[in-house]
Amino acid sequence: MKKTSSKKINKISKKAKNTLNLQDLQVQIRTPKILKVAELGHEVLRRKADAVAVEELVSPDFQDLIEDMIATLKDSSGVGIAAPQVYESKRIMIIHSFPSPRYPTAPAFGPIALINPKILSKSAKKVDGWEGCLSFPGIRGFVPRHHSVEIEYTDRTGKKFKKVFKDFLARIFQHEFDHLEGIVFLDRIKGKDIITEKEFLKLMAATPLKGGTKSSSRKKK
Ligand code: NI
């Protein structure tokens, strides 16, 4: 729990006019905490989150928040989390994709913080897939998303990036981006495609490689 000296922070503040050196930032980062997660019904999940000012990046509190969000995401074995989910109405999301029994084809990516993300373009093609959310424990929904999105964002050191996300990464990004707009995945579900975690696991066991696709499971009924 070492505090950063003000001398060090001043040095970092000067650098921030361009971009930050992650090594400098790591000096000030304390041990991460697991944060409480806001659940459906809390107004913070319905608010449009505020943009992050570039000057905020140099604040130890901001960098600690990023570390805490990463730790919270890892603790829950999730693949994405947005700041409003930890009661911070700011335009920050963490993406951490990795192959798992639940998502065997997921690419390894992150954990990475995307700050003030913007969508530049979206594919016309949409794909349906099951999603869950740390803010609605035990619930899964079948959600249509754009197959790919071209995006830009600022990283935690102030550098700007442009990327194209496809498939699973595009799905994670769109889910987390919605959180920054006060939208939750239940809002995107058409019809009655909401199931419990227990039923979702049954579906995955029946059609693991297809991610428990709805059509293959429902044909049996
Ligand atoms: Ni979510």
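## Core and rings: a short talk

Trainee: Which residues does isoleucine 95 touch, not counting residues up to four places away in sequence?
Mentor: Happy to start there, bearing in mind that this is a predicted model. Isoleucine 95 is among the residues with the most contacts inside the largest nonpolar core, which has 20 residues. Its own contacts, leaving out residues up to four places away in sequence, are Val79, Phe109, Gly110, Pro111, Ile112, Leu114, Phe165, Leu169, Ile172 and Phe173.

Trainee: Which element gives the largest share of the largest nonpolar core?
Mentor: Good one! That core draws at least two residues from each of β2 (92-97), β3 (109-122), β6 and α4 (167-180). With seven residues, the largest share comes from α4.

Trainee: Why does phenylalanine 173 count as buried?
Mentor: The cut-off for buried is under 20% relative accessible area. Phenylalanine 173 counts as buried because its relative accessible area is 0%.

Trainee: What kind of aromatic pair do phenylalanine 173 and phenylalanine 177 form?
Mentor: Both lie in helix α4, four residues apart, about one turn of the helix. Their ring centres are 5.8 Å apart, with 20° between the planes. Planes under 30 degrees apart count as stacked, so the phenylalanine 173 and phenylalanine 177 pair is stacked.

Trainee: Which charged residue sits over the ring of phenylalanine 177?
Mentor: Phenylalanine 177 belongs to one aromatic cluster with Phe109, Phe165 and Phe173. The charged end over its ring, 5.8 Å from the centre, is that of arginine 91.

Conventions. Residues numbered from 1 in each chain as written. Predicted model: local features only at pLDDT ≥ 70, side-chain atom pairs only at ≥ 80, totals over all residues. Heavy atoms only, no water. Core = buried A, V, L, I, M, F, W, Y, C linked by side-chain atoms within 4.5 Å. Buried < 20%, exposed > 50% of the residue type's maximum accessible area, 1.4 Å probe, protein only. Contact = heavy atoms within 4.5 Å. Phe/Tyr/Trp six-rings, centres within 6.5 Å; stacked < 30°, edge-to-face > 60°. Lys NZ or Arg CZ within 6 Å of the ring centre and 35° of its normal.
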